[in-house]
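Hello,

Here is the structure I promised to pass on to you. Have a look at it first, and then read on for my notes on what turned up.

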Amino acid sequence: MNKIIEKPVDFSGLQAAFAKSLEEGFNCQDVQILRKSYDSFTANSDHDKKSPMDQAFREMLLFKLSTDLEKVGALVKLSVDAVRAEIVSVTIPVVLLGDIFETVTLDKCERIFNYVEEMVEVWKEEVFFSSCKNNILRMCNDLLRRLSRAQNTVFCGRILLFLSKFFPFSERSGLNIVSEFNLDNVTEYGVNGKDLDDTLEDIEDIPIRIDYNLYCKFWSLQDFFRNPNQCYSKASWKMFQTHATTVLESFGSFKLEDPRPGSTNNEDLVNEEASDKMDIDLNISDTLIKKEIEQSVRQAENFFAKFLTNPKLLALQLSDANFRRAVLVQFLILFQYLQITVKFKAESNTLTPAQSEFIKETETKVYQLLEETPPNGKRFARTVKHMLTREEMWNNWKNEGCKEFKKPDESVISEPPPAKRERKPLGDCLRDATRQGKFFLGNDVLTRLWNYSPDNLQACKSEERNFLPQVETYLESSRDKNDTSFEWRALRLLARQSPHFFTFVNSPSYKISDYLDAVRKRLAKERLDAAKQIPGALTSNGNNTESIMNSAETSEQETVALQEQEGEPNEEGELEDEDEHNDLEKPDEDNNPHSKPLTANKEQVEELAPLIGDDWKKLGKKLGYTADELLYFDTEHPDRDGGCVAMLVNWFVDDDDASLDNLAYVLEGLEINTAAKAVKALIERLLKAKQREDELAESTKDKNI
């Protein structure tokens with residue numbers, strides 16, 4: 001029996017008492033012994049008693065149970081019961097696991113982690129989740145830092161799977177919200193081409209030639225798989241398109257055979273058909289399915305998270321079905337990212353029609369290669385397609401803000417859909433409509449529309465369907481002077497209803513609002529003149545004519561002011577003071593030939609390339625090209641000065657700032673003076689030719705006038 005102690009006890013006394021009761025309770029696996037010892041100290045508060053109890057658990061783990069892993073799990077379960085009894089801190093079970101993980105080897109950590117996985121439902125309880133989720137995440141991250149992803153791949157995967165089971169889908173800490181890529185995963189490769197040829201001399205059973213060019217193209221694709229956004233750059237896309245085509249052609253020309261003994265093409269076909277039927281056949285026993293799964297697991301004993309890039313292994317890797325499948329699946333993942341809509345993808349990252357067509361054709365070819373790769377190629381291709389479809393659903397979920405998943409309420413019973421009324425046969429409907437002289441089109445809306453009038457074309461020409469206002473009424477309506485929508489509609493009405501749209505108003509202002517105001521005054525003056533020429537209309541129309549006269553008189557003064565600005569017309573109705581087309585003949589900055597940058601064509605670039613010489617890569621870096629893009633120009637154009645010509649032609653076509661002036665400036669900065677002088681001479685020659693063309697055009701214009 002525990003005696004009730006009415007006087008307060010210090011931390012050391014409480015810890016000693018709790019340690020004794022903990023040892024007794026651990027042997028019996030009974031938390032009530034701890035509870036009685038905890039309640040016996042009535043003079044101490046709960047806050048004072050929980051800390052000594054936590055310390056008793058930690059000391060017992062580190063000094064007595066660190067070598068016996070089974071007892072470690074029992075102590076953790078006892079601490080969970082103690083949390084539910086409210087005699088220790090909520091985080092003490094996770095703290096115990098963190099302490100033991102820090103003091104034992106990785107082999108023991110992997111065995112202790114079994115208890116963490118078994119208790120995942122405990123950690124998800126409301127009592128533990130809110131208080132322990134950060135401690136559990138920190139504990140798992142510390143373990144991952146100690147592990148090698150290449151040697152401890154399985155253990156790393158177990159930890160990540162546990163975190164995915166523990167945290168809900170909507171947990172932000174476990175989501176790649178902004179769709180970032182692991183840019184640190186760089187695949188390093190490279191070797192002297194001569195050494196690679198020496199390593200492949202003895203390989204004769206491969207029908208394709210593996211040289212330094214194929215080796216570089218193959219492993220350079222990993223950089224695009226690492227960062228797919230490079231494909232939106234024109235130069236990078238050309239490099240990817242060339243290398244991908246070469247690699248896939250190599251895969252297509254080098255077919256793999258099924259490594260299973262005694263397997264033939266007919267037998268494979270039978271197996272594929274049997275696998276197709278297995279998806280819908282419910283009579284297959286569970287034993288056969290389990291045996292097939294176990295056999296597949298035995299065949300895949302080894303898994304490598306990252307392949308080696310040694311050139312001596314490339315020929316063997318191309319003969320490996322798993323290696324081929326890994327590369328082909330990388331192609332499919334890349335193509336899916338380039339085509340789908342991602343919330344955080346830049347607006348400029350869009351595919352051209354040519355790129356989309358290439359991706360569509362290449363994707364079909366990749367699936368065909370997957371089906372041709374043994375064993376079980378068709379089943380593997382179907383599985384990959386299904387997984388990518390599910391991945392697209394997850395991407396849509398992320399685009400919508402990662403909404404939390406909730407189970408539907410079982411109490412809500414869905415109402416049965418209303419019974420559909422029987423539809424009349426089509427022949428009966430057509431017969432009834434013909435008897436009534438109407439149309440039947442199979443759709444209620446279209447049928448009602450076509451039966452609106454006996455002659456639909458004549459109904460469309462009815463005056464009731466003319467909803468356009470008169471231009472005079474529209475211009476005199478109240479509106480904002482700088483309303484661009486009003487100005488656009490007014491110009492459309494003016495072009496449709498009035499010839500003033502095709503005449504020029506000689507006004508010092510170039511604003512559309514001022515132009516429309518001047519047109520409104522002209523229309524008012526014309527209406528006033530028309531009213532004066534028909535005096536009988538003034539008496540017959542009564543009040544309507546008076547209103548027209550009043551509105552015309554109010555705008556007469558504005559019309560006089562407009563005539564003073566435009567000048568008095570002569571007898572022929574032409575302006576004497578100013579020419580109507582003066583404003584049209586004013587020089588425009590956009591028509592200045594020198595405002596447009598001067599560029600060079602391919603023939604002119606070929607003249608400049610020999611003067612640049614071997615410094616063209618230095619020039620390319622200044623123009624904004626990366627090392628991979630320069631390597632692409634060099635490998636695709638191996639002849640002398642070919643890379644320089646291709647780079648400059650691409651620069652003049654794709655870069656908005658490309659001009660001969662900028663090229664001369666960059667060449668002077670790089671101290672390539674000979675080429676810089678040649679560029680300046682080319683600029684002077686082009687300017688003189690342009691000036692002669694302008695003079696010839698001006699003289700031709702004067703003769704025509």
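A residue is called buried here if its relative accessible area is under 20%, exposed if that value is over 50%, and partly exposed in between. Please keep in mind that this is a predicted model. With that cut-off, buried residues account for 33% of the 705 residues in the protein chain.

**The chain as a whole**

The secondary structure consists of 33 helices and zero strands. About 46900 Å² of the protein chain is accessible surface, and carbon and sulfur atoms hold 50% of that. If you take the contacts between residues at least 6 apart in sequence, 69% of them join residues at least 24 apart.

**Nonpolar cores**

In soluble globular proteins, nonpolar side chains tend to be buried together. In this model the largest nonpolar core contains 76 residues, and the ones with the most contacts inside it are Phe218, Phe240, Phe331, Leu619, Met647, Leu648 and Leu663. Which helix gives the most to this core? It is α16 (residues 321–339), with ten residues. Another core, of 56 residues, lies apart from it, and includes Leu22, Phe26, Ala56 and Phe101.

Phe218 is a good place to start browsing. Leaving aside residues up to four places away in sequence, Phe218 touches Val247, Phe251, Leu314, Leu318, Phe323 and Val327.

You may also like to look at Gln317, which sits in helix α15 (residues 314–318). Is Gln317 buried or exposed? Its relative accessible area is 10%, so Gln317 is buried. With residues up to four places away in sequence again left out, Gln317 touches Trp219, Phe307, Leu308 and Phe323. Phe323 is thus a contact of Phe218 and also of Gln317.

**Aromatic rings**

A pair of aromatic rings is described by the distance of the centres and the angle of the planes. Across the whole structure, the search finds 30 aromatic pairs. One of them joins Trp123 and Phe128: the ring centres are 6.1 Å apart and the planes stand at 85 degrees, so this pair is edge-to-face. Trp123 is buried, at 1% relative accessible area, and Phe128 is buried too, at 0%.

Phe129 and Phe166 form a tilted pair, with 5.2 Å from centre to centre and 50 degrees between the planes. This pair links distant parts of the chain, since Phe129 is in helix α8 and Phe166 is in helix α9 (residues 153–166), 37 residues apart. Phe129 counts as buried at 18%, and Phe166 is buried at 1%. Both rings belong to a cluster in which ring pairs link Phe101, Phe113, Phe129, Phe155, Phe162, Phe166 and Phe167. Phe101 also appears among the residues of the 56-residue core.

Two charged side chains are placed over rings. Lys49 lies over the face of Tyr38, 4.3 Å from the ring centre. Arg325 lies over the face of Phe380, also with 4.3 Å to the ring centre.

**Salt bridges**

How many salt bridges are there? The count comes to 18. Here are a few to look up:

- Glu125 and Arg84 form a salt bridge, with 2.9 Å between the closest N and O atoms. The two are 41 residues apart and link distant parts of the chain: Glu125 is in the loop between α7 (120–123) and α8 (126–146), while Arg84 is in helix α4 (residues 69–84). Glu125 is partly exposed at 29% relative accessibility, and Arg84 is partly exposed at 44%.
- Asp142 and Arg145 meet in a salt bridge at 2.6 Å, N to O. They are three residues apart in helix α8, so about one helical turn separates them. Asp142 is partly exposed, at 32%, whereas Arg145 is exposed, at 64%.
- Lys71 and Asp68 meet through their side chains at 4.0 Å, N to O. Lys71 is partly exposed at 40%, as is Asp68 at 28%.
- Glu110, Glu117 and Arg158 are joined in a network of salt bridges.

Happy browsing, and best wishes

Key
Residues numbered from 1 in each chain as written. Predicted model: local features only at pLDDT ≥ 70, side-chain atom pairs only at ≥ 80, totals over all residues. Heavy atoms only, no water. Buried < 20%, exposed > 50% of the residue type's maximum accessible area, 1.4 Å probe, protein only. Helix = DSSP H or I, 4+ residues; strand = E, 2+ residues; numbered from the N terminus. Contact = heavy atoms within 4.5 Å. Core = buried A, V, L, I, M, F, W, Y, C linked by side-chain atoms within 4.5 Å. Phe/Tyr/Trp six-rings, centres within 6.5 Å; stacked < 30°, edge-to-face > 60°. Lys NZ or Arg CZ within 6 Å of the ring centre and 35° of its normal. Areas by Shrake-Rupley, 256 points an atom, 1.4 Å probe, with all protein chains shown as cover.
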